[in-house]
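Biologist: I am new to this structure. Could you take me through its main features?
Modeller: Certainly; here are the sequence and the model.

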Amino acid sequence: MLDPAPTPITAPGHGAQTWASLPAETEALRILHLEDSELDHELVVMNLEGELPWATDFRRTENEAEFRAALDEHRPHLILSDFSLPSYDGLSAFQAANAHLPMVPFIIVTGAMGEEVAVDTLRQGVTDYVLKARLERLPQAVRRAMAEVYARARREQAEREVRDLNASLQARLVEVERLNGIAERQARRLEVQARQLEEALNLQKTFLAETSHELRTPLTALHGYLRRAEREAGGSQTLLDAQRVAENMTRLVNDLLQLSRGELVQGIENHFLNLGNLLRQIGRDFGVRAPDGDLEIVGDPGRLTQVFANLVNNAVRVCGSADKVHLEFSERPGEVEVRVVDCGPGVPDHIKPRIFDKFYRGKEAGSAGLGLTIAQQVVTSHGGSIDVLDTPGGGATFRVRLPTPDEDEE
């Protein structure tokens, strides 16, 4: 048996009244019956009740006026009609119904009909015909007629959805073409900006190379003056610190020259060194607190001094005061962790992934463009790592992890 349609469907081109004739799931099937015989009407009702997947709601009319009025008032889902009535006929009734409700099935239920007449009615669009002598066929004819209605409704709904989808796809295609045009214009702008950036980087490299060469001469002279002062005045802590700072400056100038040429930091010379002394020495140079205690590691004293001096100098410059910066270190299995902690403005999250990039200048992060790049390369050359974290309460903490020597190395 046919299941009723779950919801009414509106067919395009005919208006909502056409497909509203489909019964909903809990709605009775409204049947308009054009029949002048009360007995024949009752026989039709008896043969249909209980044989259809819907409850039924019949209305009988006997003439044209009643029939036309019932088309509007009863809003039938199905029309049954006798073929020959005293003042009306089934074909005229079909034409009237088809003009008003073209999608409602129309079945002729008649006492006698010749084969030629039956074929002609079907050719004109009548859904089906059933002889009154074979009313047991009527439930099957009704189910088949309603199945065709539902199939047609679903087909037209599918066609409408396809049309809507095509319209949506067409609109999206127009939007894609518009976005492609925007993307092409942006790509052209990016190409121009990339060329400008490349030119700027080349100019920056040239500036670094020329500046490095220019600084070498006065630094060489400064080394000579310091060595002469040491010979003439004797060794003192002040002269030793001045020589150490001059050596660090010379190394920094050489590193800038190498980086301007696209080369990595070179010349790592590892020795056993006391990391605590190195950090306290940097603390004296910049006036920041350094940790007590001693810890021996293997590394290049000059290069590591360069790393922590760069980090401390950046932190003091960003904070504006050495009182807001201090050094910490702690030992862990297989490594030592040194932290340069400041209570300044901190490093925004969007800056952190790029802060160690070559030539990247982050005003908020205190990046000088190359200092942090050099620091990262030196730490990496020592088999360690460097990153930046948020200081609890505000600020930035640069964390350097360096491996400790194995026991067999000692």
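Modeller: Please keep in mind that this is a predicted model. Let us begin with strand 6 (residues 271-274) and strand 7, which pair in the antiparallel sense over 4 bridges.
Biologist: Which residue stands opposite Val298 in strand 7?
Modeller: Phe272 stands opposite Val298.
Biologist: Along strand 7, which side chains are buried and which are not?
Modeller: The side chains of strand 7 (residues 296-299) alternate. Ile297 and Gly299 point to one face and are buried, while Glu296 and Val298 point to the other face and are not buried.
Biologist: Let us change topic to the open sheet. What is the order of its strands?
Modeller: The open sheet has 5 strands in the order 2-1-3-4-5, and the pairing is parallel.
Biologist: Which strands stand at the edges?
Modeller: Strand 2 (56-61) and strand 5 (128-131) do. Each has a single partner strand, so one side of each is left without a neighbour in the sheet.
Biologist: And what is the twist from one strand to the next?
Modeller: The twist averages 20°.
Biologist: How many bridges join strand 3 and strand 4?
Modeller: Strand 3 (residues 78-81) and strand 4 (residues 106-110) pair in the parallel sense over 3 bridges. Leu80 stands opposite Ile107 in strand 4.
Biologist: Which helix packs on the sheet?
Modeller: Helix 4 (residues 90-100) packs on the sheet and touches strand 1 (29-34), strand 3 and strand 4. The direction of helix 4 makes about 165° with that of strand 4.
Biologist: Where is Arg75 found?
Modeller: Arg75 is in the loop between helix 3 (64-73) and strand 3. Arg75 has a positive phi of about 50°, although it is not a glycine.
Biologist: Why is Arg75 called partly exposed?
Modeller: Arg75 has a relative accessible area of 23%. Partly exposed covers the range between 20% and 50%, so Arg75 counts as partly exposed.
Biologist: Now to the helices. How do helix 9 and helix 10 cross?
Modeller: The axes of helix 9 (residues 301-319) and helix 10 (residues 371-381) come within 9 Å and cross at roughly 145°. The crossing is left-handed.
Biologist: Which residues make the contact?
Modeller: From helix 9, Arg303, Gln306, Val307, Asn310, Leu311 and Asn314 take part. From helix 10, the residues are Gly371, Leu372, Ile374, Ala375, Val378 and Val379. By class, the contact has 7 nonpolar, 4 polar and 1 charged residues.
Biologist: Is helix 10 mostly covered or mostly exposed?
Modeller: Helix 10 is mostly covered, with 8 of its 11 residues buried. Among the buried residues of helix 10 are Thr373 and Gln377. Just after helix 10, Gly383 takes a positive phi of about 80°.
Biologist: What about the largest nonpolar core? Which residues touch the most other members?
Modeller: Of the 38 residues in the largest nonpolar core, Phe308, Leu311 and Phe398 touch the most other members. The elements that give two or more residues to this core include helix 8 (275-286), helix 9, helix 10 and strand 11 (396-403). Helix 9 gives the most to this core, with 8 residues.
Biologist: What is Leu311 in contact with?
Modeller: Leaving aside its neighbours within four places in sequence, Leu311 is in contact with Val340, Leu372, Ile386, Phe398 and Val400. Apart from this core lies another, of 23 residues, among them Val44, Val109, Leu138 and Val142.

Terms used:
Residues are numbered from 1 along each chain as its sequence is written. This is a predicted model: local features need pLDDT of at least 70, side-chain atom pairs count only at pLDDT 80 or more; totals for chains, interfaces and linings use all residues. Side-chain values use heavy atoms; hydrogens and water are left out. Axes are lines fitted to C-alpha atoms, for helices over the stretch in contact, and angles run from 0 to 180 degrees between N-to-C directions. A crossing is left-handed if the near helix is turned anticlockwise from the far one by less than a right angle, and right-handed if clockwise. Contact means heavy atoms within 4.5 Å. Ala, Val, Leu, Ile, Met, Phe, Trp, Tyr, Cys and Pro count as nonpolar, Asp, Glu, Lys and Arg as charged, and the others, Gly among them, as polar. A nonpolar core is a set of buried Ala, Val, Leu, Ile, Met, Phe, Trp, Tyr and Cys residues joined through side-chain atoms within 4.5 Å. Buried means under 20% relative accessible area, exposed over 50%, partly exposed in between (1.4 Å probe, protein chains only). Two strands pair if DSSP finds at least two bridges between them.
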